[in-house]
Amino acid sequence: MEAVLFFLAAIGALGGAIGVVAMRNPFYSVLALIVHLFSLAVLFLLLSAAFVAAAQVVVYAGAVMVLYVFVVAYIGGGEESAWEPIPGQQFIAPLLGVAIFVELAIAVLASSLLALGTDGPDVKAGFGDPAGIGYLLLEKFLLPFEASSILLLLAAVGAIVLASRRREGESA
Amino acid sequence: MNIEWYIVLSSLLFAVGAMGILIRRSPVVILLCLELMLNAGNLALVAFSRMVDNQQGQVFAIVVMVVAACEVVVGLGLIVAIFRRRLPLDVDELRELRG
Amino acid sequence: MSATTWAWLVLLLPLLGSIVVSLGFRTIPARVAGIVGTAAVGLAFLCAVAALVNLLGEGAEARHHASSLWDYASAAGLDIKLGIYVDQLSVFMMLVVTGVSTLIHLYSFGYMKSDEGYHRFFSYLNFFVFSMLLLVLAGNFVLLIVGWAFVGFASYALISFWYRRTTATKAGMKAFVINVVGDIGLVLAALLIFRELGSFEYGTVFAHAPEVFHRGGWTVTAICLLLLVGAFAKSAQIPFHTWLPDAMEGPTPVSSLIHAATMVTAGVYLIARTHVLFYLAPTAADVGAFVGLATLLVAGTIALAMTDLKRAIAYSTMSQIGYMIMGVSIGAYAQGLFHLMTHAFFKALLFMTAGSIISAMANRQDIDRMSGFWKAMRFTSLMLVIGGLALAAFPLTSGFFSKDSILAYAEARGGMYTWMAIGGYVGALLTALYTFRLIFRVLPGRPCEEAQHLIDTGELYHGPPINPANEELEDADVGFPGAEHHIAEQSRPMAAAMAVLAFGALFAGLIQVPGVDNVLFGFLEPAFADSPLSTIHPTVGAEWRGLAIGAVISVASIGLAWLFWVARPELPGLFRQRLRPVYLLAVNKWYFDEAIDFLIVRPALAIGRFANSTFERFVVDGLVTGTRETVSGAGGIVRVVQSGFVRSYALLLIAGFAGLGLYFLLSSS
């Protein structure tokens, strides 16, 4: 059962990823990414990370992707031109991608970390629950938590500054 | 499923994201590929957290999500600003950005 | 005051004169500059006399002193001092140099009067006197080389004194280059001496040389041969002589001082000074003697064919110096120096008279155009005759005694040196012949146009200013001779100087009459007492016999000259036709200039051109351009990376990451 779910989610994730890269229209890329993100949420659930999965759906697929959709709608789905100014880029990029995947795969599969070959230890019941994460966030990782909130503030301010209209003659 | 599968999947998604950055020229799509890579990293984090039976990995994954969100916000703000100035939305054309 | 203090003063005064005149060339009026220059050298002469008196007050054995002002370099085995060496030889040379220089300064006072470069002339002339004194007074080889080089420079500066004449500047460069060749010989010799003997000081070197070298050894012969190269270049002996006739481009006082009386005798002084080394290298000494003999004969033949007055006298100088070089090479040190002194007198006098005649000829020097000056310029003509008699070794003149003393010594030494004496007598015949050729061409006969003008109007003939060497028109501005010329009859200083020299030319020989008095040799010979050669003395009888032969030759040659150029003037033309190859050889100066041009100048130029076209172009330029192109090529290649494309940067980034991963995978397997 778990395996079936895993493979379905994996295919969804992979398909979404390839869709992001391959689609010509950026709007379709955004939609593909949304599919990818939902698949990842399923995978998180399979890994007993319930809260993370929820956060993924709510924050990522919910907020961030909506932002993307708004921006792409504003900009428009312009196609890119076919001509490649950098010689060899279209050729080398897939090669590099394959190379990275192969290397990482070999690193993982041939690793001496024996625990990788298992399903993982049996987890307690509350593993992945919000309570545990909450405790961690507010006790051990308080500083990173607060720092992240400042980062969010900065990002918000930055976005407003970047996208605001300038005083002198700006077009809409 | 063995944890290996998750890690291998994560690396595959990472590779796809990397390839996407190199191939695509629209800044929006490049940001999306960036998201792909970040999510692949998240997946690896969560898988390891499950392997080690330690929730700190999941906390890390949440922080990564926060960072990704901020980055997307700023990046999209940039793209909107570029669009407003009628510059071509093409990473190859934007070689000499001026304020 | 000691002799060395006087000697330092002698050195200092001309230097001061030179500096004062050169610094004041705008502020000091011309006459004053001339007086300052002449006075500087005149005072130096008086100081030299004082040094002599001082030296005479000591015993003959003690008459050598070294005095040093300052340690120039004193480390690591080197010990070079700024020091002078005062002994009989240097005092003698000092006296000759300062004495004749004073008279020539006096002559220049009048002769160069209307020249635009008057101050420059006196400054250079004083500097020359300083350098020559430095050369003869130097107490070690380093200072000798310094003086040697300064003298070469002064000669160059004075030869090209009229610097806007291309012939003059070319002649100056030629003289300088040939002098430098000699300098190389001298420097190499000094370095070898230092290497073998460990010191540059005369005292140390000459004391230790007999211990370190054995007679006839390779090193000391090499040293002496190198010294000879230096001596020949400076004294214009074959094959380094080609600069001297061209040096006549300088003003006449320059020719008279530098190229007759003083600088060209530096080689003679050098050989006399290093006589200890030459005794240890008999081969080198013989080379010197042969070259001296060859020069005196060759130069004599060339002088017979020359039509330029100054050049003929220049070849005469070369020939007489050949006598001196031959003399000091075979061991006749005092005799050679005696001839040096008398030659200074009569040759300087001859040049002065030549200057007077050239002035009357509106700067032309061609004897073919000259005649009848006896009627036009009595005093100058008389001076010319006196100088000519002394040069031709007419009985009882100074040249008579001095020249024959050398030849008598050569006979007394015997062996192959007797042949040198015979060669010397042949040379004496040639000398008298060419001397009186000049006199009989210029003085008697119907006055030429310029002379007639002088007789009629009492004023000098004024022609357009031309370069006598190539008949080019010039102007009379600075860098060229002035518009006005001066002759002895109209210029008191010139006449006074010539009169004093005439007195010396006539009577200076009387201080050394064989069997009667021994003033000069008695003074000089102790300086050479450390050479076994100085013990050779011809008997009084042999000396008088030599004098008699010399007298006969001299009078006979004068008679022959009378025959050729007064009584039967068609004879020289006949001889020229009959002996055409000989004539051509003589008039083309034995083709030495052409030989040097072919053997040395052309290969050097060819090497230079080859170096420029090949070596310079391929190697040097190739290296430089190649480096440049490599660097800029590399830069060009590297620049490609900076494309400005973000995606290519990303590509590099990811490629680097992939590579790193590969490395770690491989290293951990």
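How many residues of chain B are in contact with chain C, and how many residues of chain C do they meet? In this predicted model, six residues of chain B are in contact with seven residues of chain C. On the chain B side of this interface, four of the residues are nonpolar and two are charged, while no polar residue takes part.

**The interface between chains B and A**

Chain B also touches chain A, and here 65 residues of chain B are in contact with 75 residues of chain A. The elements of chain B that give two or more residues to this side are α1 (3–23), α2 (27–52) and α3 (56–84), and the largest share, 22 residues, comes from α3(B). Sorted by class, the side of chain B that touches chain A holds 44 nonpolar, 11 polar and 10 charged residues.

**Chains A and C as folds**

Chain A is built from six helices and has zero strands, so that its pattern, read along the sequence, is α-α-α-α-α-α. The radius of gyration of chain A is 21 Å, well over the 16 Å that the globule rule gives for 172 residues, and chain A is therefore more spread out than a compact globule. Chain C, for its part, contains 27 helices and two strands. The table sets out some overall values for these two chains.

| Chain | Box along the principal axes, roughly | Buried residues | Contacts between residues 24 or more apart, among those 6 or more apart |
|---|---|---|---|
| Chain A | 65 × 45 × 30 Å | 28% of 172 residues | 51% |
| Chain C | 115 × 65 × 60 Å | 53% of 669 residues | 80% |

The domain assignment divides chain C into domain 1, covering 139–582, and domain 2, covering 593–668. Between the C-alpha centres of domain 1 of chain C and domain 2 of chain C there is a distance of 61 Å.

**A helix pair in chain C**

Two packed helices are described by the angle between their axes and the distance between the axes. For helix α19 (residues 417–442) of chain C and helix α23 (residues 540–567) of chain C, the axes come within 8 Å and cross at roughly 35 degrees, and the crossing of α19(C) and α23(C) is right-handed. The residues of this contact divide into 15 nonpolar, three polar and two charged. Those on the α19(C) side include C:Y425, C:L429, C:F436 and C:R437, and among those they meet in α23(C), taken as a group, are C:I553, C:S557, C:W562 and C:W565.

**The setting of C:L297**

Is C:L297, which is found in helix α13 (residues 282–305) of chain C, buried or partly exposed? C:L297 has 18 C-beta neighbours inside 10 Å and therefore counts as partly exposed, since a residue is buried only if 20 or more other C-beta atoms lie within that distance. Leaving aside residues up to four places away in sequence, C:L297 touches C:G423, C:V426 and C:G427. C:L297 and C:T539, by contrast, are 242 residues apart in sequence and 27 Å apart in space, C-alpha to C-alpha.

Terms used. Residues are numbered from 1 along each chain as its sequence is written. Chains are lettered from A and ligands numbered from 1 in the order in which they are written. This is a predicted model: local features need pLDDT of at least 70, side-chain atom pairs count only at pLDDT 80 or more; totals for chains, interfaces and linings use all residues. Domain bounds come from an automatic or database domain assignment. Helices (H or I, at least four residues) and strands (E, at least two) are DSSP runs, numbered from the N terminus. The radius of gyration is taken over C-alpha atoms; the globule rule is 2.2 Å times the number of residues to the power 0.38. A residue is buried if 20 or more other C-beta atoms lie within 10 Å of its own, exposed if 12 or fewer, and partly exposed in between; C-beta atoms are placed from the backbone. Two residues are in contact if their C-beta atoms, placed from the backbone, lie within 7 Å. Ala, Val, Leu, Ile, Met, Phe, Trp, Tyr, Cys and Pro count as nonpolar, Asp, Glu, Lys and Arg as charged, and the others, Gly among them, as polar. Axes are lines fitted to C-alpha atoms, for helices over the stretch in contact, and angles run from 0 to 180 degrees between N-to-C directions. A crossing is left-handed if the near helix is turned anticlockwise from the far one by less than a right angle, and right-handed if clockwise.
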